[in-house]
Amino acid sequence: MRFEGTLDSWYAERGHGMVRPEQGGEALFVHVSAFPMDGQVPQEGERISFEVVSKSDGSKQAVRLQRLSAYKLPSQLRPPRTGSRAPRPIGRRRRASPLMWMVLGLLVLGFGATVWAPSHALVAANGSTQARH
């Protein structure tokens, strides 16, 4: 059976809060995992619909929450719109161009040739007298 209520308190750093049922009775514990995964942060005063289950210790908990009214930020707290273009997704990365890979490969080869030059090439380049003996 579904009930309606209000998110009475919310502790974001802990990931839980209390729901006050509209039908009355004691406040119910609610965990962040009970909220829909819609990207919205739970807000105190938000109206929700929920089901009640009993935990192993006998206490009751609100589960399978649904938001009854979309929570809107006051206009003073909304970020200003800067343009008509949608923002890029956060997790998206640019792919490396073939030119960048070619330049990177040449740098690695040049560095490798400098560091790991054969010893006879160094002797010839330095004009060392040890090679003549």
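In this predicted model, strand 4 and strand 5 run antiparallel and are joined by six bridges. One residue pair along this edge is easy to pick out: Val53 sits across from Gln61 of strand 5. The hairpin that connects the two strands has five residues between them, and in it Gly58 adopts a positive phi, near 95 degrees.

Strand 5 also has a partner in strand 3, and here the sense is parallel. Strand 3 covers residues 28–31, strand 5 covers residues 60–67, and two bridges hold the pairing. Both bridge positions can be named from the strand 3 side. Phe29 faces Gln61 in strand 5, while Val30 has Ala62 of strand 5 as its bridge partner. Gln61 thus turns up twice, opposite Val53 and opposite Phe29. As for side chains, in a regular strand they alternate between the two faces of the sheet.

Zooming out, these pairings belong to a closed barrel of five strands. The order around the barrel is 1-2-3-5-4, and the pairing is mixed. From one strand to the next, the twist averages 50 degrees.

What about the aromatic side chains? Searching the whole structure turns up two aromatic pairs. One of the two, Trp10 with Phe35, is edge-to-face, because the ring planes lie at 75 degrees, over the 60 degrees needed for that label; the ring centres are 5.4 Å apart. This contact brings together distant parts of the chain, with 25 residues separating the two partners. Trp10 belongs to strand 1 (residues 2–11), whereas Phe35 lies in the loop between strand 3 and strand 4 (47–54).

How buried or exposed are these two residues? Trp10 has a relative accessible area of 11%, which is under the 20% cut-off, so Trp10 counts as buried. Phe35 comes out at 6% relative accessibility and is therefore buried as well.

Charged groups sit over aromatic rings at two further spots, taken here in turn. Phe29, already met opposite Gln61, has Lys55 over the face of its ring, at 4.7 Å from the ring centre. Over at Tyr11, the ring is covered by the charged end of Arg14, which sits 5.6 Å from the ring centre.

Note on methods
Residues are numbered from 1 along each chain as its sequence is written. This is a predicted model: local features need pLDDT of at least 70, side-chain atom pairs count only at pLDDT 80 or more; totals for chains, interfaces and linings use all residues. Side-chain values use heavy atoms; hydrogens and water are left out. Two strands pair if DSSP finds at least two bridges between them. Helices (H or I, at least four residues) and strands (E, at least two) are DSSP runs, numbered from the N terminus. Axes are lines fitted to C-alpha atoms, for helices over the stretch in contact, and angles run from 0 to 180 degrees between N-to-C directions. Rings of Phe, Tyr and Trp (its six-membered ring) pair if their centres lie within 6.5 Å; planes under 30 degrees apart count as stacked, over 60 as edge-to-face and the rest as tilted. Buried means under 20% relative accessible area, exposed over 50%, partly exposed in between (1.4 Å probe, protein chains only). A charge sits over a ring if NZ of Lys or CZ of Arg is within 6 Å of the ring centre and within 35 degrees of the ring normal.
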